[in-house]
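Let's walk through this structure together, one part at a time. Have the 3D view open as you read.

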Amino acid sequence: MHGTKFARTIRFIAAWLLVGLFFFPIYYWTSVAFRNGRDIFSRPPKIFDFEPTIANFNAVFGISFEGGVPQITPGGGNFYMAPRLWDSIVIGVGSTLIAVAIATLAAYALSRMRFKGSHHFVGWVLSTRMLPPVAVAVPMFFIYRQFNLLDTYTGMIIIHAIMNLPLAVLLMKSFFDDVPNEIDESATIDGASRWTIFRRIVLPMAKGGIAATAVLCFIFSWTEFLFALTLTQTDVRTVPVVSTTFVTSVGTAWGNMAALGAAAILPAFIFVLAVQKHLVRGLTMGSLKQ
Amino acid sequence: MSKVEFKNAQKAFGAVKVIEGLSLEIPHGSFAVLLGPSGCGKSTLLRMIAGLEKLTGGEVAIAGKRVNDVHPRDRDIAMVFQNYALYPTMKVRENIAFNLEIQKLEKREIERRVSEAADILNLRPFLDRYPKELSGGQRQRVAMGRALVREAGVFLFDEPLSNLDAKLRAHMRVEIRQLHERLGATTLYVTHDQIEAMTMADIIVLLDKGAIVQVGTPDEVYEKPNSVYVADFIGSPSMNFFDGEIEADGEEVRFRAANLSIPLEARYRGQAGKSVKLGVRPNDLHFAADGAFKGEVILSETTGAEVQIHVRIRDSDVVAVAPRTERRVHGEAVALSVPPGKVHIFDAQSERRIEPQ
Ligand SMILES: Nc1ncnc2c1ncn2[C@@H]1O[C@H](COP(=O)(O)OP(=O)(O)OP(=O)(O)O)[C@@H](O)[C@H]1O
Ligand SMILES: [Mg+2]
């Protein structure tokens, strides 16, 4: 860092303003989850000085802290939302695993092997995302009904994995493209087979790429609404879909909705935290002379 | 016996012909340097031997056996890449042992060879580091170590020293050369640095645009460059050239250009009347009051033990190398002479060397 003290201060303030700008909505939404109805709608709006309550969480998940001990009330509260979080987690993790596994293999092949039409492949892959999802949703509904995939984990995992594949493949391909071909060649001379090169050398190098791709896939699945709405009914329901149930004919239960939203941030946050240590820069560090 | 041969070898990338019908034989155990400007096909040739590029015609043979269709791992070669290509997620030890592991050698044998290589290359303190924790020169040695443990018959080096600093480069030159003496493997070494070529090679193979221009020992290519191209490429600073004619006048044979007349050896008599290029190496030019090259000093550069003096003669610049004590000042009028035996004569049209007996 250099520049005058004044410039440094300005930069410092600007950085914190920006952080505040992004963070404030999250804070406000989360704080709404801990308010009673009056504090949510007070005018002027209260930023900090509300009376915290966990009534919303109690209603949504059936958790209470009476006597300082967390308790799960039988029946899981009025809205019974904990299983919905679980559905979202299963679908998010499952579809991410599948998408990343397939994308990694496909991207390595696309990056390294020449086959007929390989240079058209990327265009093809991308074109599958050019249809508006709405146009796909209705046919998908009929297909899923035919295959008994409606309202199942399998069905949701498949559709989210498919939706994620194109971008995941492109992203992973760019990571593999950054691994210099000489490394493969060197290993070839060392006598390694294609598979050994992939598994022992290239894959460990692309770990950061896999982590980044996994985060994107998971977040997509976590927030996806349209397919989750059309392809599920009662057995499986994800968080974005059930959020709408708080909007009722007698008004919107903002506090409850915020409680679900705040709770939904948590698993995604934990997932990102778990993979972020792999999000290292400098994929080829030390391999080449520079 | 691992001699390396190209027989009319060709390589094209699509429509672009990079190597056109090249034949070459590198005897067993010799240190051959492939020398040429950037893009002339040096790496491509090396990769053809390694099996990383398929030939589009002709043949490449190792130890007398055609290997065009042999897998790289079965060619009995080891290669050090232009950019090292170390495996960044493996420690130095694992980098070096990788090949041996693939070969499924016994653990004890792997350990023995790795520690032997580490001793030769002074890598022992770094065996448990990752490549990113090494300096450029250390990485370079790891790349060599990886090649070394294979105990291959042919070593291929692709500009292994190009990114190192001058001092380390000089040091590694000696190390690589000593390693070669020790292992006795046939070595092909690519560089575009003619000093590396001169100092390291048994045989220099000078390339231009995918074709061989001259093959010979460092002395041969320095003393008898077969063309203007070679003469210009080898030697630093570069050779000085003058356009002129050979004249025979009674007993005397002379090279004559505008404002310049130099006595030549009698063997050039048969070439009288020919348009030629005359070449003189900067270290063959000496200060002499009656010298034929008369001009004015425009620049004097010290390189340490020597000075490079740039002299303007009419409208061409000539470089002379002299001992440091012979320093000249800017603007000084000087005369330079060259011993008749030290000039190189090339045909003006074909630029080939003229070498009458
Ligand atoms: N895969 C490729 N496709 C098309 N042309 C190529 C390919 N590889 C090399 N070439 C061309 O072949 C020629 C020789 O390349 P090569 O890498 O052998 O040069 P080089 O002598 O090693 O140069 P440098 O000193 O810069 O490393 C170049 O003109 C290059 O553009
Ligand atoms: Mg090269």
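What follows looks at one chain and its domains, then turns to an annotated span in another chain.

Please keep in mind that this is a predicted model. A good place to start is chain B, where the domain assignment gives domain 1, residues 4-232, and domain 2, residues 238-347. If you take the centres of these two domains over their C-alpha atoms, 39 Å separate them. The two domains of chain B do touch: 9 residues of domain 1 and 8 residues of domain 2 take part in the contact.

How much area is buried between domain 1 and domain 2 of chain B? The value is about 690 Å², and carbon and sulfur atoms give 59% of that area. On the domain 1 side, the residues that lose the most area to domain 2 are Y222(B), V228(B) and A231(B), which together give 64% of what that side buries.

Now look at polar links across this interface of chain B. There are 2 residue pairs in polar contact between domain 1 and domain 2, while the count of salt bridges between them is 0. On the side of domain 1 that touches domain 2, the elements giving two or more residues are α7 (218-223) and α8 (228-233) of chain B. The residues of that side comprise 5 nonpolar, 2 polar and 2 charged.

Finally, move over to chain A. An unreviewed UniProt entry carries the annotation "domain: ABC transmembrane type-1" for residues 85-275 of chain A. In the model, this span of chain A is 77% helix and 2% strand, and its end C-alpha atoms lie 20 Å apart.

Methods. Residues are numbered from 1 along each chain as its sequence is written. Chains are lettered from A and ligands numbered from 1 in the order in which they are written. This is a predicted model: local features need pLDDT of at least 70, side-chain atom pairs count only at pLDDT 80 or more; totals for chains, interfaces and linings use all residues. Side-chain values use heavy atoms; hydrogens and water are left out. Domain bounds come from an automatic or database domain assignment. Contact means heavy atoms within 4.5 Å. Buried area is the accessible area (1.4 Å probe) that two parts lose on being put together, summed over both. A salt bridge is a side-chain nitrogen of Lys or Arg within 4 Å of a carboxyl oxygen of Asp or Glu. A polar contact is a pair of N or O atoms within 3.5 Å; within protein, one must be able to donate a hydrogen and the other to accept it, and residues adjacent in sequence count only if both atoms are side-chain atoms. Helices (H or I, at least four residues) and strands (E, at least two) are DSSP runs, numbered from the N terminus. Ala, Val, Leu, Ile, Met, Phe, Trp, Tyr, Cys and Pro count as nonpolar, Asp, Glu, Lys and Arg as charged, and the others, Gly among them, as polar. UniProt positions are given in the numbering used here, feature names are shortened, and annotations may be inferred rather than shown by experiment.
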